[in-house]
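Reader: I have the sequence and the coordinates open. Please walk me through some helices and a sheet.

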Amino acid sequence: MSFRLTSIPKLPLLLPLAALTGAINVFAFAPYGLWPIQLLTLALFVFCLIRVPTIKHGALLGWAYSFGWVAHGVYWIYISLHDFGGLPGWLTALAIALLAAIMGLYTAMGTAAALWLRRRWSASPLLFALAIFPALWTLTEWLRGWLFTGFPWLISGYAHTAGPLAGYAPLVGVYGIGGIAALVAGGLALLPQYKKPAIALVSVPVLVLAAGLGLHQVNWTAPHGKPISVRLLQGNVPQEEKFDNAQIVNSLRLYIDMIRSAPADLIATPETAIPILQTQLPPDYVPALADFARQSGSHIALGIPYTDGPERYANSVIGISPQATDPAYRYDKQHLVPFGEFVPLGFRWFVDMMNIPLGDFTRGPAVQAPFAVKDQWVLPNICYEDLFGEEIAGQLAATQASGKPTATLLLNMSNIAWFGNTIALPQHLQISQMRSLETGRPMLRATNTGATALIDPHGVVSIQLVPYSRATLAVPVQGYSGTTPYILMGNRLMLALALSMLAGSWWWSRRKARRQP
């Protein structure tokens, strides 16, 4: 096969075009769901990388692509920082730009590393596009997902919850899907460059997509026990009023009325539906809920900040069972949001400028038991936590290994009213869909303003409430048990594959060098 290089625009024009391409990439994610855009924009990115004259040019190109992607994808942070946090508009815009710029550094470093290895190993465009770049893209996204507590929002794999690549989720998780998408994009980027496109080259994207469709038909988990009835409450409490004294009284009344309006095996409220510590509640509040649970046979998952002493409070879920007069279960959020839930070192000044109550929580344990509800075991995760699939999978793996009860249902309790009625809501729903795909378990979502929904074990949204409405989603839910490869191995398989691709590229380059006279 003969390869031909074609010219690309000069850097001053290329960088804004790269940023625009990254911004267009957002349309691959929810609520738009145009997943082929993710492959096409990434293919265009690889197409340009093959032709950049220097590593520095490639790093700048990667930074601009990621900057446009993140800035467009998370613009809704402006609402939480400015409208609710009280930051000046210019400082809020600067903070979002800074976040996008920092996220761009990951892509810049990964791109620079890929181009450096290409030069170091004298790798062909074929080897670069189908092995070196996909491996470094995978490692870069994974690094972004855990370094400095991680920010994996809009990681490329999330674009494929409803596409052919979704079938890979139970094996390699969201980061692995991102790497596979990069492989497909690399194959697409090479197609126009060969005078006579080879069948083998054309078949790479086709075979990868077809295999994903086939894997999506595999049932890694199976129904467990009898279905339970579930009521998911969406209180639609305005964020700007949530912590006012009058609204706190209204919220207490609202949620006790919504809970007691009808029985169900499981009734779940949103995150911090009760916006005050349990020690500040009226003395008869929890006993009244316990009486209802006992009389109706209902289990209640209540979102509330919980204190264990001075300066120690957690973003928690307490579980009230029919058999107990006191809360029989507690889950504490363990992956906290920087600035919103804990103060990073050196940033107290920034947090003090924002009007965010309960901004310095205590971290919960990494592994926590699920909540027993009849035949099912429900494992909560709170808001931002469901971005970290390896942590949810790790909890499932840990309980299985110890022989303890393992969750058959996942429950996300969120309040993202902080971000208004924006694309943040469907983006967060899509993140939950990926967790169902990875674990083979249904995900229940109880949220303040949306998206309150039921997601089946194949990642499909079965039903959801209209966002920004006060309503209850009443559904029967079947729990699932079993193990996916991702539960067993987490990100280890994905990392092994990425490193193997790099090792294979090095070996091939050495072999080729030895053959040359």
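**Helices and a sheet**

Author: What covers the buried residues of α10 includes α9 (245–260), β2 (266–268), β3 (299–309) and β4 (312–320). Contact means heavy atoms within 4.5 Å, and buried means under 20% relative accessible area with a 1.4 Å probe, protein chains only. This is a predicted model, in which local features need pLDDT of at least 70, side-chain atom pairs count only at pLDDT 80 or more, and totals for chains, interfaces and linings use all residues. Residues are numbered from 1 along each chain as its sequence is written, and side-chain values use heavy atoms, without hydrogens and water.

Reader: How far apart are the end C-alpha atoms of α10?

Author: Helices (H or I, at least four residues) and strands (E, at least two) are DSSP runs, numbered from the N terminus. The expected span is 1.5 Å times one less than the number of residues. For the twelve residues of α10 (285–296) that gives 16 Å, which agrees with the end C-alpha atoms being apart by 17 Å.

Reader: Which residue takes a positive phi just after α10?

Author: Buried residues in α10 include Tyr-285, Leu-289 and Phe-292. Just after α10, phi is positive, about 75 degrees, at Gly-297.

Reader: What arc do the buried residues of α12 cover?

Author: In α12 (residues 389–402), the buried residues are Gly-389, Ile-392, Ala-393, Gln-395, Leu-396 and Thr-399. They lie on the same side of α12, because around the axis they cover an arc of only 150 degrees. The arc is taken from the directions from the helix axis to the C-beta atoms.

Reader: Which strands stand at the edges of the open sheet of six strands?

Author: The order is β6-β7-β8-β9-β10-β11, with mixed pairing. Two strands pair if DSSP finds at least two bridges between them. A single partner strand leaves one side without a neighbour in the sheet, so the edges are β6 (371–373) and β11 (461–464).

Reader: What is the bridge partner of Asn-381 in β8?

Author: β7 and β8 run parallel, joined by five bridges. In β8, the partner of Asn-381 is Asn-412.

Reader: At what angle do α7 and α13 cross?

Author: Ala-169, Pro-170, Gly-173, Val-174 and Ile-177 in α7 meet Met-434, Arg-435, Leu-437 and Glu-438 in α13. Axes are lines fitted to C-alpha atoms, for helices over the stretch in contact, and angles run from 0 to 180 degrees between N-to-C directions. The axes of α7 (residues 169–190) and α13 (residues 424–439) come within 8 Å and cross at roughly 145 degrees.

How values were computed. Buried < 20%, exposed > 50% of the residue type's maximum accessible area, 1.4 Å probe, protein only.
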